[in-house]
Amino acid sequence: MDIKIFESADQAAQFTAEEMAKLLKEKPQCKLGIATGRTMNAVYHHLAYLHKSQQFDCSSAKAFALDEYIGLPENDENSYKHYLDFHLFGPMGFNSSNTYLPDVHHENLDLAGFEYEQLIKKAGGVDLQILGIGLNGHIALNEPGSAHDSRTRIVALSQKTRESNAPLFKGKEIPLTAMTMGIGTILEGKRLLLLATGTTKAKIIQQLVNGDVNSQVPASALKLHERALLVLDKEAASLLG
Ligand code: GLP
């Protein structure tokens, strides 16, 4: 796992956006794995700017979201679908038939997980997987204890994740479950880029970088991948020796 440290969160986000833009320009039919979360706001803001100033076409690229909450009405403003339509797919001009999220409105959710895996496979796999990290080390919504060969499935959100994401729900009840790509699914991406910024992430980044691969820190699975890059700002990297 390589590590890049930037002076500011904004520079780290800009670098991430540039990596995505480079791929979209070099390979217009690329497949992106897409993350949500507050850390990504700045990335998608930079990416939309690059798209506008450099005029590249995203209409034949495919995007696969990492995860989606279960139990929210379709297009609820707290759903990841809503977040991605608003921050990424709309501004970048993705073709809506090329954007995918786990189908949490399917009548058979186990089958929906399996079908999501098939969609990714049929598309030829993910070229660049963007990731954030939870305070407990989760990637997508693979909470501590998730197996490194786990696949797209229903998961229970940990108390820590619910507390951390609760402010985004502005007083509304946050779901108890979600559907997430598994760690095994994520590791099949050709390149992985995990972005973490700010002091709140410093402790888990220290555990990730200095610790062994272990299922209590799900992000440590990145160490099993040949092309995984950890992108940090100085604050998230502040406890690294
Ligand atoms: C959510 C997402 C994760 C993301 C994490 C970190 O739980 N499902 O993919 O990595 O939040 O979010 P934030 O960037 O808001 O700290």
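**Exercise 1. Which residues lie nearest the centre of the largest pocket, and how many residues line it?**

Solution. Start with the ground rules. This is a predicted model: local features need pLDDT of at least 70, side-chain atom pairs count only at pLDDT 80 or more, and totals for chains, interfaces and linings use all residues. Residues are numbered from 1 along each chain as its sequence is written, and side-chain values use heavy atoms, without hydrogens and water.

Step 1. Define the term. A pocket is an open set of points, on a 1 Å grid over the protein atoms alone, where a 1.4 Å probe fits, with protein on both sides within 12 Å along at least five of seven lines; lining residues have an atom within 4 Å of a point.

Step 2. Read the lining. It holds 33 residues, and Thr36, Gly37, Arg38, Asn165 and Leu168 lie nearest the centre of the largest pocket.

Step 3. Assign the elements. Helix H2 (39-54), strand S4 (67-69), helix H3 (80-92) and helix H5 (159-165) each give two or more residues to this lining. H3 supplies the largest share, 5 residues.

**Exercise 2. Find where the ligand sits and which polar atoms it meets.**

Solution. Step 1. The ligand sits in the largest pocket (more than half of its atoms lie within 2 Å of the grid points).

Step 2. List the polar contacts (pairs of N or O atoms within 3.5 Å). A polar backbone atom of Arg38 is 2.8 Å from a ligand oxygen. For a polar side-chain atom of His138, the distance to a ligand oxygen is 3.0 Å. An N or O atom in the Asn165 side chain lies 3.1 Å from an oxygen of the ligand.

Conventions:
A polar contact is a pair of N or O atoms within 3.5 Å; within protein, one must be able to donate a hydrogen and the other to accept it, and residues adjacent in sequence count only if both atoms are side-chain atoms. Helices (H or I, at least four residues) and strands (E, at least two) are DSSP runs, numbered from the N terminus.
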